[in-house]
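I set out to record how selected helices pack and where the annotated positions lie. The entries below follow the order in which I looked things up.

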Amino acid sequence: MSMYGRDPWGGPLEICHDSATDDDRSRNLDIDRGALSRTLDETQQSWLLAGPGDQGHKKKKYVDIGCLVVSRKLFVWTIGVLVAAAVFAGVVAGIAKAIPRHRHPPPPPDDYTVALHKALMFFNAQRSGKLPKHNNVPWRGNSCMKDGLSDPAVRRSLVGGYYDAGDAVKFNFPAAFSMTLLSWSVIEYSAKYEAVGELGHVHEIIKWGADYFLKTFNSTADSIDRIVAQVGSGATSPGSTQPNDHYCWMRPEDIDYPRPVVECHACSDLAAEMAAALAASSIVFKDNKAYSQKLVHGATTIFQFARDRRGRYSASGSDAAKFYNSTSYWDEFVWSSSWMYLATGNTSYLSLATNPKLAKHAGAFWGGPDYGVFSWDNKLTGAQVLLSRLRLFLSPGYPYEEMLKTFHNQTSIIMCSYLPIFKSFNRTKGGLIQLNHGKPQLLQYVVNAAFLASVFSDYLEAADTPGWYCGPHFYSVEVLRSFARTQIEYILGKNPLKMSYVVGFGKRYPKHVHHRGASIPKNGVHYGCKGGWKWRDTKKPNPNIIVGAMVAGPDRHDGFKDVRKNYNYTEATLAGNAGLVAALIALSGAGHGVDKNTMFSAVPPMFPSPPPPPAPWKP
């Protein structure tokens, strides 16, 4: 007998009459208790909850992905959607790449960078000896391949180096200063040189000069008794017709007259400057350890020669006295010993550089009309800036601090003297500072001052110092940079004549540069000593453009005569262009900043000694 009712869960309810005895039920319940003690999984629970109509349906399948159990169908759909989205994204990216884009070109280089490229090319035009294939000055070729060998008193190769200016004389004194200054600029601004693609080029320029200097003395020895001061001759006595590098007007490639070698046995100024050039170059090439050490050894040898054999290289009344007369060697001692310390880390050089007696002889404690003028003759100002750097960044302390502080204070005074408000130097109506007090050929001094102002402002900024004091007045570093910019911009064309004094820069620049190689055409004709005079005297522009040459510059009235025979206006020099390059790289680019650490790569960590105790108190 059965009865059917309605199950409140939705299924049929069946009530059956069971004929089993109570004992049977009891046994069955015992067994059921054991079964009920087990935990049922989800599938078993679904069987218990399923109605009769559900037993015939297909069971759902699941995917266990570790921390989650999901429907297999949902899992497959999710994977499919993700794959489809990835394919779609790939197609869109491919189409986007295929569509031509209008990319914005990089901003054009600033005027300083454009001028820098050109100014460096001047050194290519001044190379002597066997030229590299990539010299990139088409009107130049190999020249003076017998230098040194043709002099019976020397009989060794002095091929190479640089011609000083518009002639073919190789003056080591200004050439060494040029290499020192270029090296300084590379040590401070190598990242800028690299950014404009000129780091390799300027390295080649410096190495060309350093390699030649190593030829001019026995650089492998520990002690020497002579060095070469110059190759070639420029002295011309009144009425003399003796062929030499000033009397003749010839392309260097065509020179066939004798080129004497001048040696010196007591020339502290020249030797100290050459030591500075080699020491600074060794820092530039610090990654080439063998070559850098070779330069350091040469610098050490020739510096000791400078200290042991005192004298001015231009004291004898030779060519040097007429063209590059040195007024003293004390400033070279301060300058060179500073570079020797930076190249070696030997504190004996720093002790010498900060010796008060040496500084006094160099003129550090008195003014004078040329105080603060940095040039191939006067290195004191450059040495003061360099030693101020040491104090700002390393602060070596006792026993150097007193003199370093003095040099730092004097550097601040010099920077003040460059500002128009203090009237330490006159200016032309166009704003050009007259550092040589109205004498000709002033641009070489202007570019050096612009470099020092720029690099010192970068030192202050790197030391988190916003400016400096001129008496009670505080001036920001931007004031110094503004001075440097206005001077360089004058040279590049912002002047009353609207004329650039750098050949090849701008629309208007000198066309009659006082330069033998640039003024004589390379046409296969050999013009002899006097045969080239017609090219010297012609009023036609030079047939060859000596790109990047900074000429001597205007006069004190902002006037300029573009006349080839007047070298006070139109001659370019190594030293002048070295200062120009240094100033341009310091001002170029959008940012500022020097490399604080490379300069000190050879300097060991400093642990300043404590000052001596005070004298015992006496009642």
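I began with the contact of helix 16 with helix 20 in this predicted model. From helix 16, I listed Arg481, Ala484, Arg485, Ile488 and Leu492, which meet Ala583, Leu584 and Leu587 of helix 20. Sorted by class, this contact holds 6 nonpolar and 2 charged residues, and no polar ones.

I then looked up the geometry of the pair. Helix 16 spans residues 477-492 and helix 20 residues 574-587; their axes lie 11 Å apart, at an angle of about 125°. Helix 16 is therefore oblique to helix 20. I noted the crossing as left-handed.

Next I turned to helix 13 (residues 380-393) and helix 14 (residues 401-417), whose axes cross at roughly 120° and come within 8 Å. At that angle, helix 13 is oblique to helix 14. This crossing, too, I entered as left-handed. Among the helix 13 residues in the contact are Val385, Leu387 and Arg391, and the helix 14 residues they and others meet include Leu404, Phe407 and Ile414. By class I recorded 8 nonpolar, 6 polar and 3 charged residues for this contact.

Last, I consulted the UniProt record. Its unreviewed entry carries the annotation "active site" for His514, Asp562 and Glu571. How far apart are they in space, given a spread over 58 residues of sequence? I found them clustered, with a largest C-alpha distance of 10.1 Å. From this set, Glu571 belongs to the lining of the largest cavity. I placed His514 in the loop between helix 16 and helix 17 (516-519).

Conventions: Residues are numbered from 1 along each chain as its sequence is written. This is a predicted model: local features need pLDDT of at least 70, side-chain atom pairs count only at pLDDT 80 or more; totals for chains, interfaces and linings use all residues. Side-chain values use heavy atoms; hydrogens and water are left out. Axes are lines fitted to C-alpha atoms, for helices over the stretch in contact, and angles run from 0 to 180 degrees between N-to-C directions. Helices (H or I, at least four residues) and strands (E, at least two) are DSSP runs, numbered from the N terminus. Angles under 35 degrees count as roughly parallel, over 145 as roughly antiparallel, 65 to 115 as roughly perpendicular and the rest as oblique. A crossing is left-handed if the near helix is turned anticlockwise from the far one by less than a right angle, and right-handed if clockwise. Contact means heavy atoms within 4.5 Å. Ala, Val, Leu, Ile, Met, Phe, Trp, Tyr, Cys and Pro count as nonpolar, Asp, Glu, Lys and Arg as charged, and the others, Gly among them, as polar. UniProt positions are given in the numbering used here, feature names are shortened, and annotations may be inferred rather than shown by experiment. On a 1 Å grid over the protein atoms alone, a cavity is a set of points where a 1.4 Å probe fits but cannot get out, and a pocket is an open set with protein on both sides within 12 Å along at least five of seven lines; lining residues have an atom within 4 Å of a point.
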